[in-house]
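Biologist: I am new to this structure. Can you show me how to read its main features, one at a time?

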Amino acid sequence: MEPTERDIYFFDLRGYLILEKALSCAEVRELNSGLDAIPPMTPGEWYGYIQSHTFSGANGINLQQIYEAGEPFEKLIDHPSWFEKVRHFVGGEGTFDCSHGPLFIDENFASLRKREEGIFPHSGGWHAVKRCQFLTRNGKFQCGQINILIALTDIGPDDGATVVVPGSHKSNFPHPDVDIPGRVYGETSSASVDGAQEVHLKAGDALLFVDAICHGAVPKKSDGQRRIVVYRYGPSWGNFRHGYQPSPELLARLTPQRRNIVQPLTILPREPQVQSHNA
Ligand SMILES: O=C(O)CCC(=O)C(=O)O
């Protein structure tokens, strides 16, 4: 669905949108079954084309390249609940930015967390990171990275909710509680962050946000596993954050639209070329 005028106003103002019931109960069930089928792994281990990964600190496990985990995860690549909105906010339609396709996913993972795990807020407009930037020009969006974060379990107070600092994608100065020398990306802390708001989601709700917004997740205080999936979208000329590549099997089974989003460019040359000389 294309963004409404209301979506555009509040995305510009706050840097995020909450998409309630973005997934049906059946879709959530299928995705959770897909995650249940992946054995527990320590960071660095592989299961097929999925790798277990963690940042520094108590962030839990990220199952990287989760779009390799079967059709329910492939459907998320261009899911109608967010695809046209993401496309609109990354923008660039009709320009060189889209010469290979509308979008590229540079990271996709499932995040699994238990009690005490979280990720301290990071990012913010002040950092002026080109890859993650929030930009509008001539009435059009040109954002560097739009994230879709989908809850696969209910995430309420105490469940390690995602936090955002509304409006911070446009901040021109460091956040006094966040941008402190010595802070390490990925650390977990319950230190208070002025302006941060918890985003409580039901399983199947999604949070769309520009990566330039200051965001993170508070440490989880409840039992049980918190499950989310994150797909990060940017312009078609982007590259993978961690160097993963889609598998040949995934490329072979995807629809043309999905294939174009996971690999917008044809990799050349596919085979060594034999030099030919004209006599
Ligand atoms: O785990 C979360 O809820 C926040 C995700 C996050 O920090 C990120 O996507 O960079």
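Modeller: Start with a definition. A salt bridge is a side-chain nitrogen of Lys or Arg within 4 Å of a carboxyl oxygen of Asp or Glu. Keep in mind that this is a predicted model.

Biologist: How many salt bridges does a search of the whole structure find?

Modeller: The search finds 17. Take Glu107 and Arg232, whose side chains meet at 2.7 Å, N to O. Glu107 belongs to strand β5 and Arg232 to strand β14, so this pair ties together parts 125 residues apart in sequence.

Biologist: Are Glu107 and Arg232 buried or exposed?

Modeller: Glu107 is buried, and Arg232 is too. The two are also bridge partners between β5 and β14.

Biologist: Which salt bridge does Asp223 make?

Modeller: The side chain of Asp223 meets that of Arg115 at 3.0 Å, N to O. This pair links distant parts of the chain, 108 residues apart. Asp223 sits in the loop between β13 and β14, and Arg115 in the loop between β5 and β6. Asp223 is exposed, at 64% relative accessibility. Arg115 is partly exposed, at 39%.

Biologist: And which residue forms a salt bridge with Lys221?

Modeller: Glu116 does, at 3.5 Å, N to O. Lys221 lies in the loop between β13 and β14, Glu116 in the loop between β5 and β6, and 105 residues separate them. Both are partly exposed: Lys221 at 39% relative accessibility, Glu116 at 43%. Salt bridges can also share partners. Here they join Glu107, Asp211, Arg232 and Arg241 into one network.

Biologist: What does Lys220 do without a salt bridge?

Modeller: First check the nearest opposite charge. For Lys220, which is buried, that is the side chain of Asp159, 4.5 Å away. The cut-off is 4 Å, so this pair does not count. Then look for other polar partners. The Lys220 side chain makes a polar contact with the side chain of Ser222 at 2.8 Å. It also reaches the backbone oxygen of Gly224 at 3.2 Å. Beyond its sequence neighbours within four places, Lys220 is in contact with residues including Arg113, Glu117 and Gln225.

Biologist: Now the strands. What is the order of the eight-strand open sheet?

Modeller: Read across the sheet, strand by strand. The order is β1-β12-β9-β14-β5-β4-β3-β2, with antiparallel pairing. β1 and β2 stand at the edges with a single partner strand each, so one side of each has no neighbour in the sheet. At one edge, four bridges join β1 to β12. Leu19 is partnered there with Ala206 of β12.

Biologist: Which strands pair with β5?

Modeller: β4 joins β5 through four bridges, and β14 joins β5 through nine. Both pairings run antiparallel. On the β4 side, Asn62 stands opposite Ser111. Strand β5 covers residues 104–113, and 10 of its 10 residues are buried.

Biologist: Last topic, the cysteines. What is a disulfide?

Modeller: It is a covalent bond between the sulfur atoms of two cysteines. In this model the count is zero.

Biologist: Why does Cys143 have no such bond?

Modeller: Its closest cysteine sulfur, in Cys132, is 11 Å away, too far for a bond. For Cys214, the closest cysteine sulfur is again that of Cys132, at 12 Å, which is also too far. Cys143 is buried, at 2% relative accessible area. Cys214 is buried as well, at 2%.

Methods. Residues are numbered from 1 along each chain as its sequence is written. This is a predicted model: local features need pLDDT of at least 70, side-chain atom pairs count only at pLDDT 80 or more; totals for chains, interfaces and linings use all residues. Side-chain values use heavy atoms; hydrogens and water are left out. A disulfide is a pair of cysteine sulfur atoms within 2.5 Å. Buried means under 20% relative accessible area, exposed over 50%, partly exposed in between (1.4 Å probe, protein chains only). Two strands pair if DSSP finds at least two bridges between them. Lys and Arg count as positive and Asp and Glu as negative; His and the chain ends are not counted. A polar contact is a pair of N or O atoms within 3.5 Å; within protein, one must be able to donate a hydrogen and the other to accept it, and residues adjacent in sequence count only if both atoms are side-chain atoms. Contact means heavy atoms within 4.5 Å.
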